[in-house]
Amino acid sequence: MIKVAILGYGTVGSGVFEILNANSEIISKRAGDDIQVKYVLDLRDFPGDPAEPYVIHDFAEIEKDSEVQIVVETMGGLHPAYEFVKASLESGKSVCTSNKALVAAYGPELLDLAKSKNANFLFEASVGGGIPIIRPLKTSLAPDVILEISGILNGTTNYILTEMTDNGSDFDTVLKDAQDKGYAEKDPTADVEGYDACRKIAILTSLAYGKQLDFEDIYTEGITKITDRDINYAKKIGAKVKIFGSSKKVGDKVSAMVAPKLITHEHPLYSVDGVFNAILVKGNMVGDVMFYGQGAGKLATASAVVSDIMDASKHVNVNINTLWDHEKLDLLPISDVKSKFLVRVSGSKNDNEENVNKAFGKVTPVDAGYDDEYGFITEEITEAAYEKAADELGNVINKIRFDA
Ligand code: HSE
């Protein structure tokens, strides 16, 4: 019998409790042992809830109970999640978490600690909600050198961009609608500014290359500047605007960024719409592998956490080796990263053509039917070259990278 403590009875924590009860038979058979919740730690009480008998308010009870072998951290935030996770690992318990902020900030340290205690620190639910991506990266794709990861890693922004594309709505209207429907947070900053996707691509890239990529070092651009005009330019060239968290092996270095990109129907993630997430991984042996599913939501995310609980219960006193060193990943400076760009400048084509050609060299004009601006796609150039040319012109309205 494996005893579990759940820290935080919010959306994901209550989902974990629900799945462990609803699917207990199949979970026990597959895990090879019965898994039972012993404690639910929360500040609140839950009168009438099935978890009520298990609710406690003092973490120390869990820490000192040697019967608890697995701690589930579904509190979110960095503190006290970090302190509780650290104390759990120090007392030899395995930890399964859905907390991307914790994993992105303290991944190597907590993995080291788990290893030193023959325990495990598992975090499948921290990226892509219910989509299995962490374990496949650690196991199924382990023989490969990872060449590229491209992920639609945030459901809120994918929903907003999809609505803008399909219904012609503007950003503010869709965001408000998404908030009313409960898809978007009251404070949507982390989603719409790309910070959420940034932590997720930091985790995936660190695991893919076995070295630490600090999320603060990743160039991150959100979707707040995308307008209906951008969407119309995209449509004109048969493309959609999607926000990607991506990383790529470039020689001995790795490039990484979070930014809106244009993709055409040839791209494997073109049809990933609405709140769905998807991740494309390119291995040097396996080729392209795609993962698709619900990147958020109670039961989807909790299912990923329970998969970790089952993995931990099959590895009591056995550390599952995870390559993620403290050593920093050699990141290609953003100025050297190459893309094509769709650029919009103010003024007519006639007003701009000569200057644009002088600044950017060869470009392909895109006519989206606006007389007061000129749109064009550049050849593949570095970010530094883009910045220099854009400065020279001085009338850029917006630019979107073109993943073609
Ligand atoms: N807020 C996130 C999203 C879900 O919209 O995808 C949790 O990572």
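This passage walks through the ligand site, two pockets and two backbone features of a predicted model.

A good place to start is the ligand. Its surroundings consist of Lys100, Asn154, Gly155, Thr156, Asp191, Asp196, Lys200 and Ala296. Sorted by class, this shell holds four charged residues, three polar ones and one that is nonpolar. Several of these neighbours come with a distance attached. At Gly155, a backbone N or O atom is found 2.7 Å from an oxygen atom of the ligand. Asp191 takes part through its side chain, where an N or O atom lies 3.0 Å from a nitrogen atom of the ligand. For Asp196, the distance between a polar side-chain atom and a ligand oxygen atom is 3.4 Å. On its own, the ligand would expose 260 Å², and 80% of that area is buried by the protein. Two helices give two or more residues each to the shell around the ligand, namely helix H7 (155–167) and helix H10 (195–209).

The view can now be widened to the pocket that holds the ligand. The ligand sits in the largest pocket, which encloses about 1000 Å³ of space. A total of 37 residues line this pocket, and those closest to its centre are Lys100, Glu185, Gly295, Ala296 and Gly297. Lys100 and Ala296 also belong to the set of residues around the ligand. The elements that contribute two or more residues to the lining of the largest pocket are helix H1 (11–22), helix H5 (100–116), H7, helix H9 (189–192), H10 and helix H12 (298–314). In terms of class, the lining comprises 19 polar, 11 nonpolar and seven charged residues.

Next comes the second largest pocket, with a volume of about 440 Å³. Its lining is made up of 22 residues, and Lys248, Lys261, Val337, Lys338 and Ser339 are the ones nearest the centre. Here strands come into the picture: strand S7 (146–152), strand S9 (239–250), strand S10 (253–264), strand S13 (338–346) and strand S17 (396–402) each provide at least two lining residues. The biggest share comes from S9, which gives five residues. Divided by class, the lining of the second largest pocket contains 10 charged, seven nonpolar and five polar residues.

Finally, two spots along the backbone deserve a look. Most peptide bonds are trans, and most residues other than glycine have a negative phi. Against that background, the bond between His79 and Pro80 is a cis peptide bond, with omega at about 15°. Pro80 is placed in the loop that runs between strand S4 (68–73) and helix H4 (81–90). The other spot is Asn118, which is not a glycine and yet has a positive phi of about 50°. Asn118 is likewise found in a loop, this one between H5 and strand S6 (121–122). Helix H5 has already appeared above as one of the elements lining the largest pocket.

Technical notes
Residues numbered from 1 in each chain as written. Predicted model: local features only at pLDDT ≥ 70, side-chain atom pairs only at ≥ 80, totals over all residues. Heavy atoms only, no water. Near = heavy atom within 4 Å. Polar contact = N/O pair within 3.5 Å; in protein donor to acceptor, adjacent residues only side chain to side chain. Areas by Shrake-Rupley, 256 points an atom, 1.4 Å probe, with all protein chains shown as cover. 1 Å grid on protein atoms, 1.4 Å probe; cavity = no way out; pocket = protein on both sides within 12 Å on 5 of 7 lines; lining within 4 Å. Sits in = over half its atoms within 2 Å of the grid points. Helix = DSSP H or I, 4+ residues; strand = E, 2+ residues; numbered from the N terminus. Nonpolar A, V, L, I, M, F, W, Y, C, P; charged D, E, K, R; others polar. Points joined across faces, edges and corners; volume = space filled by probe spheres on them.
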